[in-house]
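This report goes through one protein chain, from its overall make-up to its individual side-chain links. Please keep the sequence and the structure in view while reading.

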Amino acid sequence: MLPGRMIGWKRLMWKRSRNAKQLMLAKCPEVKIETRVVNKQVCNETKTEQKEQCTIEYEMSPDQVVPQTQYKVDYQQRCFNVPRQICESNSCTTQGCVNGGSVCSANDYTYQQRCATVVGAPMAPQNPCGPQGGSQGMPGQGTACGSQNGNICQKVQEAACYGPSTSCQAPTQQCCRITQERVCQQVPVRVPVPVNITMPGRRIPKRKCKTVEVESPVCRNYPETVEEEKTVDKCEMEKKEQCVTFENAIFLNCQATALRTS
């Protein structure tokens, strides 16, 4: 066996002690109770009032009959007395024209204005020169433009006449006279037709009101005292003697012999 060796260590121990000390303590928060007067509304009664209540209603107005004038196209017969020059050589003698006509040339011609007159009652005024302002002809003859009274005039080619003469020499001359021929034709006219148009009624808004009874509460305010807790977040430091427990650490020296073996 070998000799041992001394080994040392420290042992930790706690020692408690209780002493009185002067400490600074914070006193917060603080709760206070405050009182205040408030108005309390009490509605334990009712009253009846009369009010006007209105609504909008629609009514249909009666139908209306409106007179109007419409036009339709109708065909009416229109007749004219048309002047025509009738010439013949049989009546041409050395004593003149035995038919009472005028001695005229058989080779020379001239242009004379002849007018066709309307037969019967005057018609509704029409454009004598046609719908586009052009000319419409005398029935059975060229073209012309009429007057406002319904007569149609135009220049026509006729044999040149010398008037009444005591002699007529055929074949260079002939006897001519003016006759009236009746010529009729179907003419389109616009005829006014009075008609009644029914216009449907319209929706007319009307305000209708009536008196109704409305019940409403009667409220009164009464003073009332109430208490409220109020927290004051204000800290105050104060000195106060208080017992405090302290713990002290104590270290103990310890020794031991350790044996060493071979």
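A residue is called buried when its relative accessible area is under 20%, exposed when that area is over 50%, and partly exposed in between. By this cut-off C97, at 15% relative accessibility, counts as buried. The coordinates discussed here belong to a predicted model, and every value below is computed from that model.

## Overall architecture

The protein chain contains 11 strands and 0 helices, and reading along the sequence therefore gives an uninterrupted series of β elements, β-β-β-β-β-β-β-β-β-β-β. Of the 262 residues in the protein chain, 17% are buried. The accessible surface of the chain comes to about 20,600 Å², and carbon and sulfur atoms account for 48% of this area.

How are the contacts distributed along the sequence, once only residues at least 6 apart are counted? Of the contacts that satisfy this condition in the protein chain, 89% join residues that are at least 24 apart.

## Disulfides

A search of the whole structure finds 8 disulfides, and three of them are described here, beginning with the one that joins C92 to C168, with an S to S distance of 1.7 Å. C92 lies in strand β4 (residues 92-93), whereas C168 lies in the loop between β8 and β9, so the pair ties together parts that are 76 residues apart in sequence. The torsion about the S-S bond of C92 and C168 is about -110°, and the disulfide is therefore left-handed. Both ends fall under the burial cut-off, since C92 has a relative accessible area of 11% and C168 has one of 3%.

C97 and C175 form another disulfide, with their sulfur atoms 2.0 Å apart. This pair links distant parts of the chain, as C97 is in strand β5 (residues 96-97) and C175 is in strand β9, 78 residues apart. The link of C97 and C175 is left-handed, with -95° about the S-S bond. C97 is buried at 15% relative accessibility, and C175 is buried with a relative accessible area of 0%.

Which hand does the disulfide of C104 and C161 have? The torsion about its S-S bond is about 90°, so this disulfide is right-handed; the sulfur atoms of C104 and C161 are 1.7 Å apart. C104 lies in strand β6 and C161 in strand β8, so the pair ties together parts that are 57 residues apart in sequence. The two ends of this link fall into separate accessibility classes: C104 is buried, with a relative accessible area of 0%, while C161 is partly exposed, with a relative accessible area of 37%.

## Salt bridges

Side chains of opposite charge can pair when their charged atoms come close. A search of the whole structure finds 7 salt bridges, one of which is formed by R114 and E158, with 2.7 Å from N to O. This pair links distant parts of the chain, with R114 in strand β6 (residues 102-119) and E158 in strand β8 (residues 152-161), 44 residues apart. Is E158 buried or exposed? At 5% relative accessibility E158 counts as buried, whereas R114, at 22%, counts as partly exposed.

The side chains of K206 and E59 also meet in a salt bridge, at 3.1 Å from N to O. Here K206 is in strand β10 (residues 203-232) and E59 is in strand β2 (residues 30-60), so that the pair links distant parts of the chain, 147 residues apart. K206 is partly exposed, with a relative accessible area of 41%, and E59 is partly exposed as well, with 32%. Salt bridges that share partners join E57, E59, K206 and K208 into one network.

A further salt bridge connects E49 with K47, the closest N and O atoms being 3.2 Å apart. E49 is partly exposed, with a relative accessible area of 28%, and K47 is likewise partly exposed, with 41%.

## A cis peptide bond

Most peptide bonds are trans. Against that background, the bond that joins A170 and P171 is a cis peptide bond, with omega at about 10°. P171 lies in the loop between β8 and β9 (173-199), and C168, one end of the disulfide with C92, lies in the loop between β8 and β9 too.

Definitions and conventions
Residues numbered from 1 in each chain as written. Predicted model: local features only at pLDDT ≥ 70, side-chain atom pairs only at ≥ 80, totals over all residues. Heavy atoms only, no water. Helix = DSSP H or I, 4+ residues; strand = E, 2+ residues; numbered from the N terminus. Buried < 20%, exposed > 50% of the residue type's maximum accessible area, 1.4 Å probe, protein only. Contact = heavy atoms within 4.5 Å. Areas by Shrake-Rupley, 256 points an atom, 1.4 Å probe, with all protein chains shown as cover. Salt bridge = Lys/Arg side-chain N within 4 Å of Asp/Glu carboxyl O. Disulfide = S-S within 2.5 Å.
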